[in-house]
Amino acid sequence: PTPSMTPTLQPGDRILVDKLSSTVHRGDIVVFKNPPADQGGPPTLVKRVIALPGERITSKGAVIYIDGKPLAEPWLPALTGDCAEPSEHIPPTTVAPGHYFVMGDCRGDSDDSRYWGTVPVGNIVGKVDVIMWRHGRPYFHWF
């Protein structure tokens with residue numbers, strides 16, 4: 001993971017990824033191959049699923065709206081520093097069939113679907129299930 005997912009995931013964390021589960025839900029943390037519009041970055045990325053296929057997403061300030069309703073984000077920890085900076089405005093966007101809108105938890109420091117668009121389902125490698133290693137020693141946290 002990169003700083004874009006802090007504080008949930010931290011650089012250097014070792015994670016266990018479920019490659020067999022085929023159902024992706026809002027709030028899941030997924031590992032995926034670099035989307036076509038983000039070439040030149042790392043070959044795989046880790047972000048959180050915010051909007052599902054067919055949903056309309058937009059934002060005003062730090063509030064994200066899905067199909068016109070404010071999105072509750074119980075998974076999002078308290079953010080500080082760069083992560084607490086307001087999110088980039090998300091223009092009204094309908095997520096295409098077979099695609100997902102993903103964002104980093106560190107909203108002020110995340111290159112994500114706000115910049116390079118949605119992620120095709122075929123690019124998703126799997127869902128993060130467990131953090132197994134943090135700060136050079138065993139650490140277990142299940143999602």
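**Note on the predicted model: cores, surface patch and three residues**

1. The largest nonpolar core in this structure, which is a predicted model, has 11 residues, namely Val24, Val30, Phe32, Leu45, Val49, Leu52, Tyr100, Val102, Trp116, Val119 and Ile124. At least two residues of this core come from each of the strands β2 (29–33), β3 (44–51) and β8 (99–103). A reader who is new to the structure may also wish to locate a second, separate core, which has 10 residues, among them Ile57, Ile90, Val95 and Met103.

2. Tyr100, one of the residues of the largest nonpolar core, can be examined through its contacts. When residues up to four places away in sequence are not counted, Tyr100 touches Val24, Val49, Ala51, Leu52, Pro53, Val95, Ser113, Thr118, Val119, Val121 and Ile124. The residues it touches include Val95, which belongs to the second, separate core.

3. On the surface, a nonpolar patch is formed by Leu16, Met132, Trp133, Phe140 and Trp142, which together have about 550 Å² of accessible area. The elements that contribute two or more residues to the nonpolar patch are β10 (124–134) and β11 (137–142).

4. Is Trp142, a residue of strand β11, buried or exposed? The computed relative accessible area of Trp142 is 57%, and because exposed means over 50%, this residue is classed as exposed.

5. Arg134, which lies in strand β10, has a relative accessibility of 8% and therefore counts as buried, the cut-off for that class being under 20%. The side chain of Arg134 is joined to the side chain of Asp13 by a polar contact of 2.6 Å. With neighbours within four places in sequence left aside, Arg134 is in contact with Pro7, Thr8, Leu9, Gln10, Asp13 and Tyr139, so that Asp13 appears both in this list and in the polar contact.

6. Where does Glu85 lie? Glu85 is found in the loop between β6 (69–70) and β7 (93–94), and with a relative accessible area of 40% it is partly exposed. Leaving aside its neighbours within four places in sequence, Glu85 is in contact with Arg107 and Gly108. As a guide to its position, the C-alpha atom of Glu85 is separated by 25 Å from that of Val128, a residue 43 places from Glu85 along the chain.

How values were computed
Residues are numbered from 1 along each chain as its sequence is written. This is a predicted model: local features need pLDDT of at least 70, side-chain atom pairs count only at pLDDT 80 or more; totals for chains, interfaces and linings use all residues. Side-chain values use heavy atoms; hydrogens and water are left out. Patches are made of residues with over 30% relative accessible area and no salt bridge: like charges are joined within 9 Å, nonpolar side chains (Val, Leu, Ile, Met, Phe, Trp, Tyr) within 5 Å. Accessible areas come from the Shrake-Rupley method with a 1.4 Å probe; for residues, only the protein chains shown count as cover. A salt bridge is a side-chain nitrogen of Lys or Arg within 4 Å of a carboxyl oxygen of Asp or Glu. Helices (H or I, at least four residues) and strands (E, at least two) are DSSP runs, numbered from the N terminus. Buried means under 20% relative accessible area, exposed over 50%, partly exposed in between (1.4 Å probe, protein chains only). A nonpolar core is a set of buried Ala, Val, Leu, Ile, Met, Phe, Trp, Tyr and Cys residues joined through side-chain atoms within 4.5 Å. Contact means heavy atoms within 4.5 Å. A polar contact is a pair of N or O atoms within 3.5 Å; within protein, one must be able to donate a hydrogen and the other to accept it, and residues adjacent in sequence count only if both atoms are side-chain atoms.
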